[in-house]
Every structure is written in C-alpha cells, then in structure tokens.
Amino acid sequence: MKYKQGSILLEAIISLVILSFMGVAMVEWLSQIVRSQGRMAQELAYQNMLERSLVYMENINPMQQQQGSEDFGDYHLNWRAMPIGQAVQALKSDSTVGEFSVQRFTGELEMKRADQDVVYTAEIILLGYRRTQVKDKLGLPGV
C-alpha cells in the first residue's frame with residue numbers, strides 16, 4: 001500500500017512539472033504576442049504619420065518654399081526641396097506659352113516622434129510652379 005501512495009505522489013509531482021513547463025511556454029507565447037502587437041502599433045503609427053506628411057506636402061509649392069517643418073501631434077516633420085534641372089515655361093492646352101514656369105524638385109522628408117530618437121526618412125518628387133509675365137505677339141502682357 002505504501003508503494004501505491006508513493007506512486008501517486010510521484011505522478012502528482014510529474015504532473016506539476018509538466019504543468020509548470022506548459023505555463024512557462026504559455027507566458028512566453030503571450031509576451032511574444034504583446035511585443036508583436038507593439039511593433040505593429042508602432043508601424044501603423046509610422047504609416048499614418050507618413051500619410052499625413054504626404055498629404056501636407058501635396059500643398060507645398062517648392063518654388064516658393066524650399067524647406068520647412070511641421071508638427072503632427074507627437075510627430076515632427078522636417079523637409080527640404082532640391083531642384084531637378086531648370087525651370088521651364090508651361091504650355092497651355094492649345095500648345096501656346098502659358099503663364100507659369102514649372103520645375104521638378106526632389107523632396108527629402110525627415111519624420112521623428114517626439115519621445116524617440118528614431119528618424120524616418122522618405123524621398124518624393126514635387127512639382128513647383130511660379131506665375132511669370134508672358135507677353136503676346138503684340139508685346140502686351142498676357143492674360
């Protein structure tokens with residue numbers, strides 16, 4: 001009878017060891033899920049910041065403002081535009097000389113979260129424009 005009671009105690013200890021290993025594995029698995037969710041949340045925040053920055057940059061005319069900065073909540077955007085080639089005179093739809101000169105720019109964006117040292121960078125192409133004085137065939141200012 002004593003042998004049988006010792007056997008039950010041994011089975012209980014083995015069961016507890018197996019359960020503890022399963023518990024440790026479960027805790028590690030859950031912590032890995034939490035870390036993955038944190039990385040996904042950070043990536044989503046970066047994507048949202050990048051999207052907001054691009055929408056902001058759509059309204060920038062680099063021929064008038066070649067650098068600047070803007071705050072978006074927790075994020076700060078620094079940008080600068082560098083010309084690509086020379087400005088050219090735009091043409092109207094009827095192939096006559098238009099009122100604007102246009103130029104392409106490379107826009108360099110640097111985005112940083114206020115509480116982190118990580119800087120995200122992006123490069124985009126921007127189109128700048130400037131109204132120019134155009135004269136018609138009679139030498140009068142164009143409309």
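## A helix, four strands and a small set of buried residues

Ile124 is buried, because its relative accessible area is 18% and the word buried is kept for residues under 20%. This residue makes a useful starting point for a walk through the structure, which is a predicted model. Ile124 belongs to strand S4, and, leaving aside residues up to four places away in sequence, it touches Leu54, Met57, Phe105, Thr106, Gly107 and Leu109. One of these, Gly107, lies 17 residues from Ile124 along the chain, yet the C-alpha atoms of the two are separated by 5.0 Å.

To see where strand S4 fits, it helps to step back to the whole chain. The secondary structure amounts to one helix and four strands, and someone reading along the sequence meets them in the pattern α-β-β-β-β. The helix, H1, covers residues 2–58. Of the 143 residues in the chain, 19% are buried. Among the contacts with a separation of 6 or more, 46% are between residues that stand 24 or more positions apart.

The four strands come together in an open sheet, where they are arranged in the order S1-S2-S3-S4 with antiparallel pairing. Strand S1 (67–72) and strand S4 (119–131) each have a single partner strand and stand at the edges, so one side of each is left without a neighbour in the sheet. On average, and with direction ignored, neighbouring strands of this sheet are turned by 25 degrees against each other. In general, the strands of a sheet pair through backbone hydrogen bonds, and they may do so in either a parallel or an antiparallel way.

The pairings can now be followed across the sheet, beginning with S1. Strand S1 pairs with strand S2, which spans residues 75–91, in the antiparallel sense over six bridges, and within this pairing Glu70 stands opposite Leu77 in S2. The two strands form a hairpin with two residues between them, and Gly73, in the turn, has a positive phi of about 65 degrees. Elsewhere in the sheet, strand S3, made of residues 97–113, pairs with S4 over 13 bridges, again in the antiparallel sense. There, Ser101 has Arg130 of S4 as its bridge partner.

Strand S3 is also the place of Thr106, which has already appeared among the residues touched by Ile124. Thr106 counts as buried because its relative accessibility is 14%. Not counting residues up to four places away in sequence, Thr106 touches Arg80, Ala81, Met82 and Ile84, and also Glu123, Ile124 and Ile125.

Burial is found outside the strands as well, and Asn61, in the loop between helix H1 and S1, provides an example. With a relative accessibility of 6%, Asn61 counts as buried, and, once residues up to four places away in sequence are set aside, it touches Gly128 and Tyr129.

A last feature to look for is an enclosed space. The model has one cavity of 30 Å³ or more, and the largest cavity holds about 30 Å³ of space. Its lining is formed by Gln42, Tyr46, Tyr75, Arg113, Gln116 and Tyr120. These lining residues divide into three nonpolar, two polar and one charged.

Methods: Residues numbered from 1 in each chain as written. Predicted model: local features only at pLDDT ≥ 70, side-chain atom pairs only at ≥ 80, totals over all residues. Heavy atoms only, no water. Pairing = 2+ DSSP bridges. Axes fitted to C-alpha atoms, helices over the stretch in contact; angles between N-to-C directions. 1 Å grid on protein atoms, 1.4 Å probe; cavity = no way out; pocket = protein on both sides within 12 Å on 5 of 7 lines; lining within 4 Å. Points joined across faces, edges and corners; volume = space filled by probe spheres on them. Nonpolar A, V, L, I, M, F, W, Y, C, P; charged D, E, K, R; others polar. Buried < 20%, exposed > 50% of the residue type's maximum accessible area, 1.4 Å probe, protein only. Contact = heavy atoms within 4.5 Å.
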